Amino acid sequence: MRTILSTEQVTEKESFSYWREKICDVFVQLDASQLSRQTFMGKLETGDLDKIQISVVSADPQHVVRSRSQIAKSLDDFFLLSLQLQGEGYTEQEKREAYLHPGDFVLYDSTRPYVLHFEHPFKQVVFRFPRSLLLSRYKQAEQLTSIRIPGIENPVGNMASTLLRNVAANYPYLDEATGMRIVENSLDLLATALRAVSGYNHHEATSLAYMQRAKARAFISNNLANPNLSPSMVANNLGISIRYLHKLFEQEGLTVASFIRDRRLEFCRRDLGDASQIHRTVLDIALNWGFNNAAHFSRIFKNQYGVSPTDYRANRNIDF
């Protein structure tokens, strides 16, 4: 469900102060200033898809700052991604500058200061999500904020831009289980797009190490249901040593075991939230994704998501 906020709901005199208050409520604490003396117009449509907040922003020229003092007073731990739909945008973070045209997108980090600037009326989609969702896929994402990802001339960027636009247009009509899958696919493609624009990872993409890590990830994803899946099984399949396999994953700040565990937990979470699978027991779902101990599964699920599998299912299906 989308919530619509618009300056049309207030008087002309109150329009910009209303806008400044609402963007702080929806995104993170920000300072904003108006760039025109004309009556300010802005509209914000926002909603959620699993753990991602999706907002379509249409507004007049403005300058936005996320300062160190605001960061110090908040617990926000998000990445934000802006996809330009109309007009032009500018982003600055860590001395990196990105100029956006329609179709382009950029990543920025709520835990560090940033600047957004719009010289003319514009329209963007802004995705806000926990940093951990992307860092678990690509550790170097922190180093690639405020770098323009071309939405037209770059093939991977074009694919990501198209997917993100479609997600923003259609997410209110998705059921929960489908939405979770779309989120997974979108984050995977975003990580791939970031790799494609990074200098050293462009070189890495043609390297043996990159190919072997991709094969390892694919083998793990295809064998999550096997309770005997282990680093040694993955290494044997690739014809490499366990030590070298661990080294491949360490380059992204992961361990092989944690990658296997987190992927299994994510699929269990997806199935527990799927109303069409309400007839299955929690244990059946856990066993289906390779867990073989109910108490262990319940404990690590609660550590990961803050609630037990049973409580998660009850809360997710309460409206079905």
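Begin by selecting Arg66, which counts as buried at 1% relative accessibility; keep in mind throughout that the model in the viewer is a predicted one. Add Asp76 to the selection, and a salt bridge appears between Asp76 and Arg66, with the closest N and O atoms 3.6 Å apart. This pair links distant parts of the chain, since Arg66 belongs to strand E5 while Asp76 sits in the loop between helix H2 (68-72) and strand E6 (78-86), 10 residues apart. Unlike the buried Arg66, Asp76 counts as partly exposed, because its relative accessibility is 24% and the buried class ends at under 20%.

From Arg66, widen the view to strand E5 as a whole, residues 62-66, which pairs with E2 in the antiparallel sense over 4 bridges. To see the register of that pairing, select Ser33, which stands opposite His63 in E5. Then display the open sheet to which these strands belong, with 5 strands in the order E2-E5-E10-E7-E8 and antiparallel pairing. Its edges are strand E2 (31-34) and strand E8 (96-100), each of which pairs on one side only. Ignoring direction, neighbouring strands of this sheet are turned by 10° against each other on average. Now bring in helix H1 (residues 15-26), which lies across E2 and E5 and runs at about 155° to E2.

Next, move to helix H10 (residues 256-272) and select Arg269, found in that helix, together with Asp50, which lies in the loop between strand E3 (42-49) and strand E4 (52-59). Arg269 and Asp50 form a salt bridge whose closest N and O atoms are 2.9 Å apart, and the pair therefore ties together parts that are 219 residues apart in sequence. Arg269 counts as buried at 2% relative accessibility, whereas Asp50 is partly exposed, with a relative accessible area of 23%.

Stay on helix H10 and pick Arg263, whose side chain meets that of Glu184 in a salt bridge with an N to O distance of 3.0 Å. Glu184 lies in helix H5 (residues 176-197) and Arg263 in helix H10, so this contact ties together parts that are 79 residues apart in sequence. Here both partners, Glu184 and Arg263, are buried.

As a last selection, take Asp77, Glu94, Asp109, Arg112, Arg131 and Glu142 together, which salt bridges with shared partners join into one network. For a view of the whole, display every such contact: a search of the entire structure finds 18 salt bridges.

Definitions and conventions
Residues numbered from 1 in each chain as written. Predicted model: local features only at pLDDT ≥ 70, side-chain atom pairs only at ≥ 80, totals over all residues. Heavy atoms only, no water. Pairing = 2+ DSSP bridges. Helix = DSSP H or I, 4+ residues; strand = E, 2+ residues; numbered from the N terminus. Axes fitted to C-alpha atoms, helices over the stretch in contact; angles between N-to-C directions. Contact = heavy atoms within 4.5 Å. Salt bridge = Lys/Arg side-chain N within 4 Å of Asp/Glu carboxyl O. Buried < 20%, exposed > 50% of the residue type's maximum accessible area, 1.4 Å probe, protein only.
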